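Reader: I am new to this structure. Please take me through the reasoning behind its description.

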Amino acid sequence: MAKIFTFQVGIEGLEDKIWRKIEITDRRTVADLAYTILATFDSLAYHLYDIKHGNDRYDCMIDPLDLREYNFKDAVRTKLSDVDFEKNNKMIMEYDFGSTTTFIITFLESRNIEKYNGNHYPYIVDGAGRGMIDDMCDFELKEVVEDIDKKGYSDHFFTPGYERKIKYDYRYFNIKNNNALLKGEILDIKNGYEVGE
């Protein structure tokens, strides 16, 4: 019988303003959880990531020698059902080791699901805040959010690739649109990390 895991995910320092509640099946991998986070938080997903849970470190791209020498675990091959979660356990996901965005991932609950529909999950149950900006540290993003709160409007722009320029205002998050695009974006991210060019 499949289980549904529920996680609360927020950008460190902004957990009350930019966050998601994610449902995902235990048949998915730790990497799939990471791809879901990157997709729902508007990442371009072109940097490395890792996830720490207790003494375990799940890495996105590791050499087999790293597994032996550093006791890393392969995020792509580790199913969520193989991770020993307890209620309110925290995981730390770091994305982009040059301009790091840190996600705080809290395990909320698991529940059995009688009829497994692989097409429905992962799913964003609730959330707030537009997402992150690639190549900007989480503490820099916090300054942008504080500036928007202080002024009541945004004069911040970001470039989501290929010469486009978009105004960034963290206050706008459309959960319906996010879920409509989520699975396709997860697949694109998965292919980028696991298949490559």
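Author: Start with burial. This is a predicted model. Of the 197 residues of the protein chain, 46% count as buried.

Reader: What makes a residue count as buried?

Author: Its relative accessible area must be under 20%. In the protein chain, 46% of the 197 residues meet that mark.

Reader: Which elements make up the protein chain?

Author: The protein chain has four helices and ten strands. From the N terminus the order is β-β-α-β-β-α-β-β-β-β-α-β-β-α.

Reader: Why is the protein chain called as compact as a globular protein of that length?

Author: Set two values side by side. The radius of gyration is 17 Å, and the globule rule gives 16 Å for 197 residues. The two are close, so the protein chain is as compact as a globular protein of that length.

Reader: What makes a set of residues a nonpolar core?

Author: The members are buried, of nonpolar core types such as Ala, Phe and Tyr, and joined through side-chain atoms within 4.5 Å. The largest such core here holds 47 residues. Phe7 and Tyr49 touch the most other members. Elements giving two or more residues include β1 (2–11), α1 (30–40) and α4 (175–194). The largest share, eight residues, comes from α1.

Reader: Which residues does tyrosine 49 contact, leaving aside its neighbours within four places in sequence?

Author: Contact requires heavy atoms within 4.5 Å. Among the residues that tyrosine 49 contacts are Ala31, Ala34, Tyr35, Met93, Phe97 and Tyr193.

Reader: How many contacts join residues at least 24 apart?

Author: Take the contacts between residues at least 6 apart in sequence. Of these, 67% join residues at least 24 apart.

Conventions: Residues are numbered from 1 along each chain as its sequence is written. This is a predicted model: local features need pLDDT of at least 70, side-chain atom pairs count only at pLDDT 80 or more; totals for chains, interfaces and linings use all residues. Side-chain values use heavy atoms; hydrogens and water are left out. The radius of gyration is taken over C-alpha atoms; the globule rule is 2.2 Å times the number of residues to the power 0.38. Buried means under 20% relative accessible area, exposed over 50%, partly exposed in between (1.4 Å probe, protein chains only).
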